[in-house]
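Visitor: Pick one part of this model and take me through it closely, please. I'd like to know what sits beside it, and what lies around that.

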Amino acid sequence: MNEDAPPNSALLEIRGLSVRFRTTEGEHRAVRDVNFSLAPGESLGIVGESGCGKSVTALSIMNLVASPPGEIYEGSILFRGRDLLRIGPEEMRSIRGNEVSMIFQEPMTSLNPIHSCGKQVMEPIVLHQGATKMEAKGKAIELLRLVGIPNPDRVFDDFPHQLSGGMRQRVMIAMALACRPKILIADEPTTALDVTIQAQILELMKGLRNDIDSAVIMITHDLGVIAETCDRVVVMYSGQVVESSPIKELFRSPLHPYTEGLLASVPTISGDRGRLRAIEGVVPSPFEKIEGCSFRPRCRYAKSVCAEAEPELAQAAGGRSVRCHLRQG
């Protein structure tokens, strides 16, 4: 690893990342030329509709895209100056779960049903830190306590099916934090939890970010979660980044029509008699060959140029970027 990287350099840089899946229906381009960076200690949100490429981008960072049918066919993922797509499996295993950890979307399918929760929290501590089983057990119980689990000594011996959804999510967070990673990726960490537990989990993650000084990538479709937890946000649509912005500026003045539509669809108490505003149309099929701007069929501002050429992701004022012909030139 590049331990001598300057302190103000990006911790993570994704450059031109493209991922495809070969299926019986054809080639599915899930991620197309994605670019963004993550600074040390920063919290970055990735937001967009289901199928926009958020989770595939996260799995690419972890080098967990199943091959076949998946393939990362272009780009680079630089972690502290080292390209994670160009290192061997053994070196990647030493990074995954140790320096870069991920909280997966559904704990019940991510936790092993035949091992106790405590044993699963212990595993990365033994694997990456060389601790004895007795030392790892002590650290695991302390981690369960850190993430707000009552009676961690008892829960240590419980199996996943014996816990509630919120408790399982806390176990997942404890596992991800076991080695105090430099980057913590959270993929829809509050999905399927009731609003009270959602708030507790988000508050927990905000506190833990300060405690262990990790950079965080928060993947979600929920703009409320992004507003509560992130410094900066990347908006994805149809496998591409369409806007990148500091969080306050994005909510104050969205640049891309898709971002504008997302913000307008958020329900408010003072809304039009309780009616939600929706973005008309549907996301294009992943197997469809897209001409011009992928958002054009749903965009109320579309012009002829939008059908002629795909817009580039261009820099804008205030450290922002946008992929839209109408915002360029």
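Guide: Two strands pair if DSSP finds at least two bridges between them. Strands (E, at least two residues) and helices (H or I, at least four) are DSSP runs numbered from the N terminus. The model is predicted: local features need pLDDT of at least 70, side-chain atom pairs count only at pLDDT 80 or more, and totals for chains, interfaces and linings use all residues. Residues are numbered from 1 along each chain as its sequence is written, and side-chain values use heavy atoms, without hydrogens or water.

Let's settle on strand E10, which covers residues 240-246. Six of the seven residues in E10 are buried, so that's a mostly covered strand (buried is under 20% relative accessible area, exposed over 50%, partly exposed in between, with a 1.4 Å probe and protein chains only).

E10 has a partner on either side in the strand order, E9 and E12. Start with E9, residues 232-237, which runs antiparallel to E10 and is joined to E10 by six bridges. Follow the pairing across: Tyr-237 stands opposite Gln-240, and Val-234 has Ser-244 as its bridge partner in E10. E9 and E10 form a hairpin with two residues between the strands, and there Ser-238 takes a positive phi near 50 degrees.

Now look across to E12, residues 320-322, which also pairs with E10 in the antiparallel sense, over two bridges. Here Ser-244 turns up again, opposite Ser-321. That puts Ser-244 across from Val-234 in E9 and across from Ser-321 in E12.

Zoom out to the whole sheet. It's an open sheet of eight strands with mixed pairing, in the order E6-E7-E8-E3-E9-E10-E12-E11. E6 (100-103) and E11 (314-316) stand at the edges with a single partner strand each, so one side of each has no neighbour in the sheet. From one strand to the next, the twist averages 20 degrees (angles run from 0 to 180 degrees between N-to-C directions, and axes are lines fitted to C-alpha atoms, for helices over the stretch in contact).

Back to the hairpin, because Ser-238 has a neighbour from far off in sequence: Gly-53 is 185 residues away along the chain, yet their C-alpha atoms are 7.0 Å apart. You'll find Gly-53 in the loop between strand E3 (43-47) and helix H1 (54-61). Gly-53 is buried, at a relative accessible area of 8%. Beyond its neighbours within four places in sequence, Gly-53 is in contact (heavy atoms within 4.5 Å) with Ala-30, Val-31 and Met-236.

H1 itself lies across E3, E6, E7 (183-187), E8 (215-220) and E9, running at about 145 degrees to E8. Helix H7 packs on the sheet too, touching E6 and E7, and its direction makes about 175 degrees with that of E6.

From H7 (residues 165-177) you can step out to helix H4 (residues 117-129): the two pack at an angle of about 20 degrees, with their axes 8 Å apart. On the H4 side, Cys-117, Gln-120, Val-121 and Pro-124 make the contact, and on the H7 side Val-171, Ala-174 and Met-175 do. H4 also packs with helix H5 (residues 133-146), at about 125 degrees and with an axis distance of 8 Å. Among the residues that meet there are Val-121, Met-122 and Ile-125 in H4 and Ala-136, Ala-140 and Leu-143 in H5.
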